[in-house]
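Me: Hi! I'm new to this one and would like a quick tour. Can I throw some short questions at you?

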Amino acid sequence: MDFDSIAQQRATQYENMLRLIGRQRAPSEDAAPALAATRMRSVVNCDRIAEAYRADAKVAYVSEQFPTEIVFAAGVLPWNIESMSNMLAQSLDIDQVFRLTQERELSRDICSFLRGPFGMMLAECYPRPDFVLTNDQPCEGLLKTIFMSGKRYGVPTFALHTPNLLDQDALDYLVQQIEIMLTRIAGVFQSDPDPEFLRSSIVNSNRAREYYRKAALLLERHALPGVARELLEIFGMNYFGAAENIDLCKTLYEEAVVLAKAEAPTRPRVMWIGQTPGESDELLRHLGRSVDVLYWAPLWEANLMALDEEQPLRSIAERAIRYHWNAERMERDLDHISDAYQVEGYIIANTWGCRNMMAIGPTFRSLAARKRIKNLTISIDPVDRNNYAFPHIKNRVDAFLETLQ
Amino acid sequence: MITLGIDIGSLSTKSVLMENDEVVAFDVVLTGGTNRKAAETTFENVLAASGLTRGDVKFVVSTGYGRENLPFADKHVSEITCHGIGMHLRNPDIRTILEIGGQDSKAIRIDDGGRVEQFVMNDKCAAGCGRFLEVTARAMGIGLSELGEASALARNPLRISSTCAVFAETEIVSLVAVGTPVPDIVRAVHDSIAQRAVVLLRQVGISGPVGMSGGVALNSGVVRALEDKLQTSIYIVDNPQVRGAIGAAYIAQRLA
Ligand code: SF4
């Protein structure tokens, strides 16, 4: 596609996106963000959204947990198709987007985390990508969705195959793939990979990660209202490698230090396991009245590790393998985190249509039984409100909360 | 001291007056369209039966689906907690409870003090609950209370799908249309409810005798089907339909 056509298409897509953004959901009573980091994140998000629609922007669609450092190293904006649609669904009425997917006969049994991006593309709301990047963890459905997005726009699609086992062979194999990917990305813009860009992206990532890690560690010992959620949002946004993310994580950490000194009263801690609804969701607000909710994913060991600046690709590879849904590693991780954060209950949230969560749920339930941690499994749909309503599950949630008293 | 436990379920509303941990009076009415009205009615009924007045009642705990919609309740507690306590008061040896109510079924594991350790509930669909039995009775043109006896007369084993109450009703109507004997159909419905209940029970883990509460415990056909599948007898608590309200009244005694 030539430059003018891309410019025209992105202008239309931006208009469509603005129209969608105009379809606000009614604000909830607790909608006002309390932390400065939350407000800062909103600004960063607005900025990156607007930036991606500029005619001369270089945009790559990426999947969840893709190593964004290598995207920033190529001077490209990552557009996480899944988290972007989730973020929008938190505050916008995206029913029309889901209706479009049904009209195109996409089964409602597919999770809304995949139907959302599909719908966004069908509604011509996402900015046209220059290329598409993916890895095959954690979810095959996501891999297929992102392949389809590359096909839809007729742009190159590059995928990393991530081994599940972590050993030297697996690391060598994945490093080689990342090197090839970097060369191919540069090839799209008829250039060579620039080691200096990669270096600064890794440094940015590590600086942000250090603040992120310190905030997470503070949370082990202190009740820090809002911090667990903000860690989740920063994890989901996956902007590691960008300079703005350093300020964001630094602000969060500094606020966490202040909150730690304020010594908020401790309440029972419940670990949310699984995909999460927006923070103003009725269920989360209900839980928040009597317990402190922590989110597991942002506290994964893989999210706290720094990248080796001497061998960055190797540590990116290691992190990617650690992100894999390997039942044994996940169980060990949850076991450790449950102790470190003194967790008293698990909420295991099965997202409608997510076979991954349903398959791994029994592992968490048996860990809970072994550790005598109270647990509740619920079926929800954090994105598509047609699939779930809070009153369906309120009864069991209340009973679960009573077991913690 | 006198307390009230009131259990507002989807099908029926139950109330129990308790004095010094003893049940003074209880009552059951159909919930109908307005659960507040049902609650008021059953409250008045127990007061009339006991010769007490509202002013004598020191604390009210509401439970069941309509628990939050009761202006005169001092506290609301989930029926899972209430059934756990209600069963424990009657039989302290019970650790595993099956409670099948109007719109859901629950397996509950309690500790030696009647506190809930773990529970699971049926998901998404009314198949496996009291509502399913209601639908079945209606589709076959017999009374709800006749189902237990009818299934005892079953001769031929049948199978009815248990994933969806609406689809199951269609299946029942088709079986009726081809002249399948009613007892065989009723038995198949009971089997399908029992099958789902056993899965729930095994999920929480069965330890010791299984106790059953909730209105469906009064249906001898479901109980027989459960006992067949579990290969053990089930302890049916007396007045199973008001066990939740008894638990609520007891919690009220502690909180008053
Ligand atoms: S919700 Fe489950 S199926 Fe859907 S993208 Fe996420 S992991 Fe994949």
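Me: How many residues does each chain bring to the contact between chain B and chain A?
Reply: Chain B brings 19 residues and chain A brings 14 residues. Contact here means heavy atoms within 4.5 Å. Keep in mind that this is a predicted model: local features need pLDDT of at least 70, side-chain atom pairs count only at pLDDT 80 or more, and totals for chains, interfaces and linings use all residues. As for conventions, residues are numbered from 1 along each chain as its sequence is written, chains are lettered from A and ligands numbered from 1 in the order in which they are written, and side-chain values use heavy atoms, with hydrogens and water left out.

Me: Thanks. What area do chain B and chain A bury between them?
Reply: About 1,300 Å², with 42% of it on carbon and sulfur atoms. Buried area is the accessible area (1.4 Å probe) that two parts lose on being put together, summed over both.

Me: And how many salt bridges are there between chain B and chain A?
Reply: The count is three. A salt bridge is a side-chain nitrogen of Lys or Arg within 4 Å of a carboxyl oxygen of Asp or Glu. One of the three joins Lys394(A) to Glu68(B), at 2.2 Å from N to O. The rule also finds nine residue pairs in polar contact across this interface, both at pLDDT 80 or more. A polar contact is a pair of N or O atoms within 3.5 Å; within protein, one must be able to donate a hydrogen and the other to accept it, and residues adjacent in sequence count only if both atoms are side-chain atoms.

Me: Which element gives the most to the side of chain B that touches chain A?
Reply: Strand 8 of chain B, with five residues. Helix 2 (79-90) and strand 8 (116-121) of chain B each supply at least two residues of that side. Helices (H or I, at least four residues) and strands (E, at least two) are DSSP runs, numbered from the N terminus.

Me: What classes of residue are on that side of chain B?
Reply: There are six nonpolar, five polar and eight charged residues on the side of chain B that touches chain A. Ala, Val, Leu, Ile, Met, Phe, Trp, Tyr, Cys and Pro count as nonpolar, Asp, Glu, Lys and Arg as charged, and the others, Gly among them, as polar.

Me: Back to the Glu68(B) and Lys394(A) pair: where do the two sit?
Reply: Glu68(B) is in the loop between strand 4 (57-63) and strand 5 (75-76) of chain B, while Lys394(A) is in helix 17 of chain A.

Me: Is Lys394(A) buried or exposed?
Reply: Lys394(A) is buried, at a relative accessible area of 16%, whereas Glu68(B) is partly exposed at 45%. Buried means under 20% relative accessible area, exposed over 50%, partly exposed in between (1.4 Å probe, protein chains only). Both residues also belong to a network of salt bridges, with Asp398(A), Arg67(B), Glu79(B), Glu99(B), Asp104(B) and Lys106(B) linked in as well.

Me: New topic: how many salt bridges does the structure hold over all chains?
Reply: It holds 43. Inside chain A, for example, Asp381(A) and Arg115(A) meet at 3.9 Å, N to O. That pair links distant parts of the chain, 266 residues apart: Asp381(A) is in the loop between strand 8 (374-380) and helix 17 (390-403), and Arg115(A) is in helix 6 (residues 112-122). Asp381(A) counts as buried because its relative accessibility is 3%, and Arg115(A) counts as buried at 0%.

Me: How is chain B divided into domains?
Reply: Into domain 1 (1-91 + 240-256) and domain 2 (93-236). Those bounds come from an automatic or database domain assignment. The C-alpha centres of the two domains lie 25 Å apart, and their contact takes 16 residues from domain 1 and 28 residues from domain 2.

Me: What do those two domains of chain B bury between them?
Reply: About 1,800 Å², 67% of it on carbon and sulfur atoms. In domain 1, Ile80(B), Met87(B) and Asn91(B) lose the most area to domain 2, together 35% of what that side buries.
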